[in-house]
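Biologist: I should be grateful for a close look at a single part of this chain. Please describe how that part is paired and covered, and then set it beside the rest of the molecule.

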Amino acid sequence: MDEMEEELKCPVCGSFFREPLILPCSHNLCQACARNILVQTPEAESPQSRRASGSADYDYLDLDKMSLYSEADSGYGSYGGFASAPTTPCQKSPNGVRVFPPAVPPPPHLPPAAAAASALAPVPRNSCLTCPLCHRSLILDERGLRGFPKNRVLEGVIDRYQQSKAAALRCQLCEKAPKEATVMCEQCDVFYCDPCRLRCHPPRGPLAKHRLLPPAQGRVSRRLSPRKISTCTDHELENHSMYCVQCKSPVCYQCLEEGKHASHEVKALGAMWKLHKSQLSQALNGLSDRAKEAKEFLVQLRNMVQQIQENSVEFEACLVAQCDALIDALNRRKAQLLSRVNKEHEHKLKVVRDQISHCTVKLRQTTGLMEYCLEVIKENDPSGFLQISDALIRRVHVTEDQWGKGTLSPRMTTDFDLNLDSAPLLQSIHQLDFVQMKVPTAPILQLEECCTHNNSATLSWKQPPLSTVQVDGYILELDDGNGGQFREVYVGKETMCTVDGLHFNSTYSARVKAFNKTGVSPYSKTLLLQTSEDSDPEEHALTFPVPLERLQLRRSNPFSSTLNLQNSFPGRSYFELRSSAHQMSLHSSLQSLNSAVAWFSFDPGTAHSDIIFSNDNLTVTCNSYDDRVVLGKTGFSKGLHYWELSIDRYDNHPDPAFGVARVDVLKDVMLGKDDKAWAMYVDNNRSWFMHNNSHTNRTEGGITKGATVGVLLDLTRRTLTFSINEDQQGPVAFENLEGVFFPAVSLNRNVQVTLHTGLPVPDFYHSRGTMQ
């Protein structure tokens, strides 16, 4: 019950409550302490003046609007400018709570009877009381402190606590070290030593009639004394008989007769007593579970301390053994390395011990509140219990919320991720330093971010949670789509990679591993990805891992091709690197054995910033008068591919260009101006082919609004051909094409086009193939 003691002490005097009063804010104060911190207020703010101005019944809860003191104050509380309330600096109580001192210090060591008489004396008019805990200001009415109900339940809890704690009864009036009590006054209910009895309780006058008992007998009589019955604060001769639900306070029969609570819901005192006891018990059950978890968590933290100690000893032993095996030149370096280990040791211990200390304090407070609440539940005084039950229920819920998610999790691991490498030569001893003790752990594929789209796949991964091992980079591997050997497709520090140009309707296996200076981690779980085979334009993300099994990520329109990963350029990787703000992309140089039909859209990630997208990235225009380039999302290295672009808007006879390009083509000039693009640009009358700023094959016939431009890329014959309105435009435009090509368009603000993909090869090309 030691944790409960702080609940039983006055925030002003720091001692156990004596005749505690319940303030409207649900906090408690000793009656004498409440009188000591009264402050006189201006006449204009008195309750009488409020009534004179037409105010209705006095409501203590409205006094928050007239607060004289708050936590934002600079430490002083006063009514500046009023002679009746001079500026009074704020002080701190023994509990560290800021309070207002009395204007006139009370005389020391008053006899209890005299102190009681002083406490009941009328308070000055227009007095204000500020709660030292929540700083809510309360203006007293003509009843003064008698308007606040007394907390009989708290008195009973304090009596039981003191009886359980007091091994030897001590004088209650000694200033410093209390002496052992010799008598107890039955009327004053105070224990005295001989010096204090002669000074404060002389055997003359009215005090001569008081009955003095031995301390032990006085304790028994105090325990057997009848409990004071709580009476109404408005009608001191009436006992509480009902409970007002709106006011949340017990009331007497006369209160109901006078009509103050006429429109309020009133319930039987006994029924509400049982209801609030049940609510408090239920709230304590939840808080008890939190306290149990906190105790288990403390055990876990203490075990971590032991484990850290053991790991530290073991680590130091290994370090010393290694250093002792070296020549004498290593001894100076050995001391430095031990210092680093000790610092790591102390850091881990400090973090864990700080967490233990913090959790212990919170648990102590929680246990104290629980014990106090359990003692309150034992009370048989319904009205006294109901006066404090609401506040206790709220405190229990607030304390339970403080043990929220994350509070009971360790802030430090027990491992020491250090190791001593003793391999360097003796001439490199001055460079001797710790290296990581472990190789990285296997990365985890983030399935919610992995997806396929057409013939490209995006993979994302991360390090396992709580992993403290440094990672220098990652290696992503894919097979060839036919269950062949894995090949490295990316090596670097990024944790996201997009592989473009994969085979349609194929299943690929992917895995990733991490590396650092110590070594290479194990592989992640193998993930199987299937590229498109129907026309569904939406991307599908993985929802759960299915390692070493067929896992379909995306289904699009069917394709007839079967592709194999091969090197397209001697001496070069079969992937080309493309970087953007959010991901690293790799474009494979893939070979096709048969023709394929591709479904794709324009790519906002690689387009010029002036390009405007709509219609699910199938329609594009531009907000600039200069030509800007936009590429398709899919790259082609082999096979026969055909797509069309319909002219939705064509104003002022511009020269849009259509064709194919490398991924690193210039985006701010007309398509074909550099050596990375092969294009046909056309106006309303004629067209030209252009590559590396070379114009060839002027052909009559242009475009208008509603026209259709076709692009046919035959990477089997390595040719590029164009058509307008399904008729071939000029001869074969370009030959001997080799590498990875992306569909491309350049246009300005006078043109808007829409992309159409997944189309069959036009008849004129079949006819030409038959003739050849």
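Modeller: In this predicted model, Val660 has Trp678 of strand E36 as its bridge partner. Val660 also stands opposite Pro743, which belongs to strand E42. These two pairings place Val660 of strand E35 between a residue of E36 and a residue of E42.

The strands themselves follow the pattern of these residue pairs. E35 pairs with E36, residues 677-682, in the antiparallel sense, over five bridges. With E42, residues 742-747, E35 is again joined by five bridges, and the two strands run antiparallel. In general, the strands of a sheet are paired through hydrogen bonds of the backbone, in either a parallel or an antiparallel manner.

The burial of E35 can be read residue by residue. The strand covers residues 657-661, and five of its five residues are buried, so E35 is largely enclosed by the rest of the structure. Burial here means under 20% relative accessible area. The cover extends to both faces of the strand: Ala657, Gly659 and Ala661 are buried on one side, and Phe658 and Val660 are buried on the other. For the chain as a whole, buried residues make up 48% of the 772 residues.

Asp683 and Arg686 deserve attention next. They form a salt bridge in which the closest N and O atoms are 3.8 Å apart. Asp683 is buried, at a relative accessible area of 10%, whereas Arg686 counts as partly exposed, at 21%. Another salt bridge joins the side chains of Glu700 and Arg698, with an N to O distance of 3.7 Å; both of these residues are exposed. Elsewhere, Glu477, Arg511 and Lys513 are joined into one network by salt bridges that share partners. In general, side chains of opposite charge can pair when their charged atoms come close. The structure holds 17 salt bridges.

A further sheet may be set beside E35. It is an open sheet of three strands in the order E11-E10-E12, with antiparallel pairing. Strand E11, residues 190-192, and strand E12, residues 212-213, stand at the edges with a single partner strand each, so one side of each has no neighbour in the sheet. Strand E10, residues 183-185, is joined to E11 by three bridges, and these strands run antiparallel. Cys185 is placed opposite Val190 of E11.

Beside this sheet there is a salt bridge between the side chains of Glu186 and Arg211, at 3.4 Å from N to O. Glu186 lies in the loop between E10 and E11, and Arg211 lies in the loop between helix H5 (194-200) and E12, so the pair ties together parts that are 25 residues apart in sequence. Both ends are partly exposed: Glu186 has a relative accessible area of 33%, and Arg211 one of 43%.

The setting of these parts is a chain with 11 helices and 43 strands. Of the contacts between residues at least 6 apart in sequence, 64% join residues at least 24 apart. The chain exposes about 38,100 Å², of which carbon and sulfur atoms supply 51%.

How values were computed:
Residues numbered from 1 in each chain as written. Predicted model: local features only at pLDDT ≥ 70, side-chain atom pairs only at ≥ 80, totals over all residues. Heavy atoms only, no water. Helix = DSSP H or I, 4+ residues; strand = E, 2+ residues; numbered from the N terminus. Buried < 20%, exposed > 50% of the residue type's maximum accessible area, 1.4 Å probe, protein only. Contact = heavy atoms within 4.5 Å. Areas by Shrake-Rupley, 256 points an atom, 1.4 Å probe, with all protein chains shown as cover. Pairing = 2+ DSSP bridges. Salt bridge = Lys/Arg side-chain N within 4 Å of Asp/Glu carboxyl O.
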